[in-house]
Amino acid sequence: MFLRMIYDEKLAQAAYLIGCQRTGEAILIDPERDIDRYLELALREKLRITAVTETHIHADFLSGARELAEKTGAHLYLSAEGGPDWQYQWLNQKSTGGPYPHTLVRDSDTFRVGNIEFKVMHTPGHTPEHICFLVTDRGSGAADPMGIATGDFVFVGDVGRPDLLETAAGVQGAKEPSARALFDSIQRFNALPDYLQVWPAHGAGSACGKALGAVPQSTVGYEKRLNPAFRAGRDEEEFVRFILSGQPEPPLYFARMKRDNKSGRQSWAACPAPGASTPPNSGPSIPSAAPSWTPARGRPFAPATSRARCPSRSRARSTPTPDR
Ligand SMILES: [Fe+2]
């Protein structure tokens, strides 16, 4: 089994490429929309990305799940949990028509990528549809999981904040029920064996919690013992008070990202092809042997007119348009 964290320092965000080296198949968990880095890593490791998933509908970046499905034909495994308001709305809108190959998964469902088994665990709180994945390397003969991809449920030293639906997306009265749902999810996490590795989706600096640690991974046992949210989580009322206090102001763009990731931004493949472009007018031309306007490798460059026709070219850090 191959496992690699791909970390975006600027967002403190972690995606995971997990591959079966025997069959060459691999899955990406929680990819961002700039997918080149994942494709290059898979190529280097002689793996094919045949599956893509995410732990929840993200609020802090544009998801790459749809982009990877377009580019690689990978099978999507996405949460069916959380109720009707939290269902993915773009699964039947492939750029060439029809649905993406996909499976909607619920708590306790399992699926395989090569000889690696993924078991779904519904862990609401941060978001209603949030799921985690228990990963078992069946190819090596293991009958028990090695670790759990916890997404924005459990971080090193923190848990995913349950107030964002209310404070960022404007759903009045949502944060206390979400905090209680998170308390219940923590009780389920407490029942997991201590030896399991914890692979979280964020590190220090992320606005998805209030005090994330600067260590890339942990274990279930360590978090049970030393994570402040778990220590507060021994009593429900104390936990609700603890988790809803001291959370940082959510960035304004979170509401828009949430909406865009649920409804689905248009794939790059469906955007207008880049037209001929000229460099910005910078005065008298100076002869040079080097190309004067070369887009970054693998990044489609579009002139301003194309961008205006294709709103999906905005990125997470572009000008925010909050819902509220
Ligand atoms: Fe999140």
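Where is the place of leucine 104? Leucine 104 sits in strand 6. This report on a predicted model starts with the chain as a whole and comes back to that residue later.

## Overview

The chain has 324 residues, and 41% of them count as buried. It holds nine helices and 14 strands. Among contacts with a separation of 6 or more, 66% join residues 24 or more positions apart.

Two sheets are described here. One is an open sheet of six strands in the order 1-2-3-4-5-6. The other is also open and has six strands, in the order 7-8-9-10-13-14. Strands of a sheet pair through backbone hydrogen bonds, either parallel or antiparallel.

## The sheet of strands 1 to 6

Pairing in this sheet is mixed. Its edges are strand 1 (2-8) and strand 6 (102-105), and each of them pairs on one side only. Neighbouring strands are turned against each other by 20° on average, direction ignored.

Strand 4 (residues 48-53) and strand 5 (residues 75-79) show the parallel sense, paired over three bridges. Opposite threonine 53 stands tyrosine 77, in strand 5.

## Two hairpins around strand 2

Strand 1 and strand 2 run antiparallel and are joined by seven bridges. Leucine 3 has isoleucine 18 of strand 2 as its bridge partner. The two strands form a hairpin with four residues between them. In that turn, alanine 12 has a positive phi of about 50°.

On to the next pair. Strand 2 and strand 3 are antiparallel too, with five bridges. Here leucine 17 has leucine 28 of strand 3 as its bridge partner. This hairpin also has four residues between the strands, and glycine 24 takes a positive phi near 80°.

## Strand 2: covered on both faces

How many residues of strand 2 (residues 13-20) are buried? Eight of its eight residues are buried, so the strand is mostly covered. Gln13, Ala15, Leu17 and Gly19 point one way. Ala14, Tyr16, Ile18 and Cys20 point the other way. Both groups are buried.

## Helix 2 on the sheet

Helix 2 (residues 65-72) packs on the sheet of strands 1 to 6. It touches strand 3 (25-29), strand 4 and strand 5. The direction of helix 2 makes about 150° with that of strand 4.

Which residues of helix 2 are buried? They are Ala65, Arg66, Glu67, Leu68 and Ala69. These buried residues pack against strand 3, strand 4 and strand 5. After helix 2 comes glycine 73, whose phi is positive, near 75°.

## Leucine 104 in the edge strand

Is leucine 104, in strand 6, buried or partly exposed? It has 14 other C-beta atoms within 10 Å. A residue needs 20 or more to be buried and 12 or fewer to be exposed, so leucine 104 is partly exposed.

Strand 6 is an edge strand of its sheet. Leaving aside neighbours within four places in sequence, leucine 104 is in contact with Leu78 and Ala80. Tyrosine 77 lies 27 residues away along the chain, yet its C-alpha atom and that of leucine 104 are separated by 5.8 Å.

## The sheet of strands 7 to 14

The order 7-8-9-10-13-14 again comes with mixed pairing. Strand 7 (110-113) and strand 14 (218-219) stand at the edges. Each has a single partner strand, so one side of each is left without a neighbour in the sheet.

Inside this sheet, strand 9 (residues 131-137) and strand 10 (residues 147-151) run antiparallel. Three bridges join them. Leucine 134 has isoleucine 148 of strand 10 as its bridge partner.

## Helix 4 against helix 7

Helix 4 (residues 175-190) and helix 7 (residues 236-243) pack with their axes 9 Å apart. The angle between them is about 120°. Angles of 65 to 115 degrees count as roughly perpendicular and those over 145 as roughly antiparallel; the two helices are therefore oblique to each other. Their crossing is right-handed.

Helix 4 makes the contact with Glu176, Ala179, Arg180, Leu182 and Phe183. Helix 7 contributes Glu236, Phe239, Val240 and Ile243. Of the residues in this contact, six are nonpolar, three are charged and none is polar.

How values were computed:
Residues numbered from 1 in each chain as written. Predicted model: local features only at pLDDT ≥ 70, side-chain atom pairs only at ≥ 80, totals over all residues. Axes fitted to C-alpha atoms, helices over the stretch in contact; angles between N-to-C directions. Parallel < 35°, antiparallel > 145°, perpendicular 65-115°, else oblique. Left-handed = near helix turned anticlockwise from the far one by under 90°. Contact = placed C-beta atoms within 7 Å. Nonpolar A, V, L, I, M, F, W, Y, C, P; charged D, E, K, R; others polar. Pairing = 2+ DSSP bridges.
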